[in-house]
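Got your viewer open? Load the model, pick a cartoon view with sticks on demand, and follow along stop by stop.

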Amino acid sequence: MRKRPIVALIYDFDGTLSPGNMQEFGFIQAIGKSPQEFWKMSDDIAIGQDASNILSYMKLMFDEARSSGIKLRKDDFRRFGKDVELFEGVREWFQEVNSYGKAHGVVIEHYINSSGLAEIIEGTPIASEFKRIFACSFLYNDKGEAEWPGVAVDYTAKTQFLFKVNKGILSIRDSKKVNESQLEENKRIPFSHMIYFGDGETDVPCMKIVKMFGGNSIGVYNPKIPKKKGIAQKLLRQKRVNFIAPADYTRDSRAFELVCAIIDKIRAEHLLFTLSQK
């Protein structure tokens, strides 16, 4: 067993770390649409074709950019990422949690598990905080321009990345190692050492899996939108999450208090197990 346990904090992005959908902070405006128009067009494609909502929005981004004369290169997506709004305290959150973990004998790792675009997230000021960003992405031609969806992550596809974190697999492409049988003691990060942050229905499968296998799921909500708290309270009533908290990531927040308490619990259980083996 490791001398210091690893604790994985796994985050959805839109509605969890940011108050809106990432496409709404520059891209949608660049193609001359309002967020309402863009998402209605995307929903119409999905409903009309009985298709994936994720592939539909990616196709719409591609088509609308092309018709507007906008080149979609990785650098272009990353420029949009720079303007993505983040909830209060998010920028400082990672250092605060890392410092707490280090002071209490725990290694902290952060991961993104999102149906948004990896390329946009990579442009945000917090991108370097994550060990891996699991999210949608495009394939690019020899000119470096997006030409086809490469990875589409819907609410069920998100669950595979939990098992990859569990086994220490960072490749999105891998479908072999993640399905190989492995002794529990050999898995890099037990589910009981995971903390999952999500804000709504698309996170439910991940929240349930983490909670079911002994980890902790936290349903966050935007305190400025009353109905969001109602959604979080429903998740708690249905026992899909362990806790709920406002999407406030400052040092004095409930979210920080919860994470610190969970870290303390993981550290204590790790120490007790270590002592039982002597």
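What share of the 278 residues of the protein chain counts as buried? The figure is 48%, where buried means under 20% relative accessible area, exposed means over 50%, and partly exposed lies in between (1.4 Å probe, protein chains only).

Before you click further, some ground rules. This is a predicted model, where local features need pLDDT of at least 70, side-chain atom pairs count only at pLDDT 80 or more, and totals for chains, interfaces and linings use all residues. Residues are numbered from 1 along each chain as its sequence is written, and side-chain values use heavy atoms, with hydrogens and water left out.

**Whole chain**

Start with everything selected, as cartoon. You should find 10 helices and seven strands; helices (H or I, at least four residues) and strands (E, at least two) are DSSP runs, numbered from the N terminus. The radius of gyration is 19 Å, close to the 19 Å that the globule rule gives for 278 residues, so the protein chain is as compact as a globular protein of that length. That radius is taken over C-alpha atoms, and the rule is 2.2 Å times the number of residues to the power 0.38. Align to the principal axes and the C-alpha atoms fill a box of roughly 65 × 45 × 35 Å.

Now switch on a contact map. Of the contacts with a separation of 6 or more, 62% come from residues 24 or more positions apart, a contact being heavy atoms within 4.5 Å.

Try a surface next. The protein chain exposes about 14,200 Å², with carbon and sulfur atoms supplying 50% of it; areas come from the Shrake-Rupley method with a 1.4 Å probe, and for residues only the protein chains shown count as cover. Colour by charge and you'll have 41 positive and 36 negative side chains, with the centres of the two sets 6 Å apart. Here Lys and Arg count as positive and Asp and Glu as negative, while His and the chain ends are not counted. The place of each charge is NZ of Lys, CZ of Arg, CG of Asp or CD of Glu.

**Stop one: helix α10**

Select residues 254–276. At 1.5 Å a residue, the 23 residues of α10 should span 33 Å, and its end C-alpha atoms are 33 Å apart, which agrees; the expected span is 1.5 Å times one less than the number of residues. Show sticks for its buried residues, among them Phe256, Leu258, Ile262, Ile266 and His270. Their cover includes β1 (6–11), α5 (90–103), β2 (107–117), β5 (194–198), β6 (216–221) and β7 (243–246).

**Stop two: Val7**

Step over to strand β1 and pick Val7. Val7 is buried, at a relative accessible area of 0%. Beyond residues up to four places away in sequence, Val7 touches Val106, Val107, Ile108, Glu109, His193, Ile195 and Ile266. Measure across to Phe191: the two C-alpha atoms are 9.3 Å apart, with their positions 184 residues apart along the chain.

**Stop three: Leu17 and Phe87**

Leu17 sits in the loop between β1 and α1 (27–30), and Phe87 in the loop between α4 (74–81) and α5. Leu17 is buried at 0% relative accessible area; Phe87 is buried too, at 9%. Outside its neighbours within four places in sequence, Leu17 contacts residues including Phe87, Val90, Ile112, Phe130 and Tyr249. With neighbours set aside likewise, the partners of Phe87 include Gly15, Leu17, Pro19, Asn222 and Tyr249.

**Stop four: Asp203 and α8**

Asp203 lies in the loop between β5 and α8 (204–212). Buried or exposed, this Asp203? Buried, with a relative accessible area of 0%. Leaving out residues up to four places away in sequence, Asp203 touches Asp12, Lys158, Tyr196 and Gly198.

Slide into α8 itself, whose buried residues are Val204, Cys206, Met207, Ile209 and Val210. Covering them are elements including β2, α7 (158–167), β5, β6 and α9. After α8 comes Gly214, with a positive phi near 95°.

**Last stop: two positive phis**

Finish with a backbone check. Asp50 has a positive phi of about 50° although it is not a glycine; look in the loop between α2 (35–49) and α3 (53–67). Asp50 is exposed at 73% relative accessibility. Lys239, likewise not a glycine, has a positive phi near 60°. Find Lys239 in the loop between α9 (226–237) and β7, exposed with a relative accessible area of 62%.
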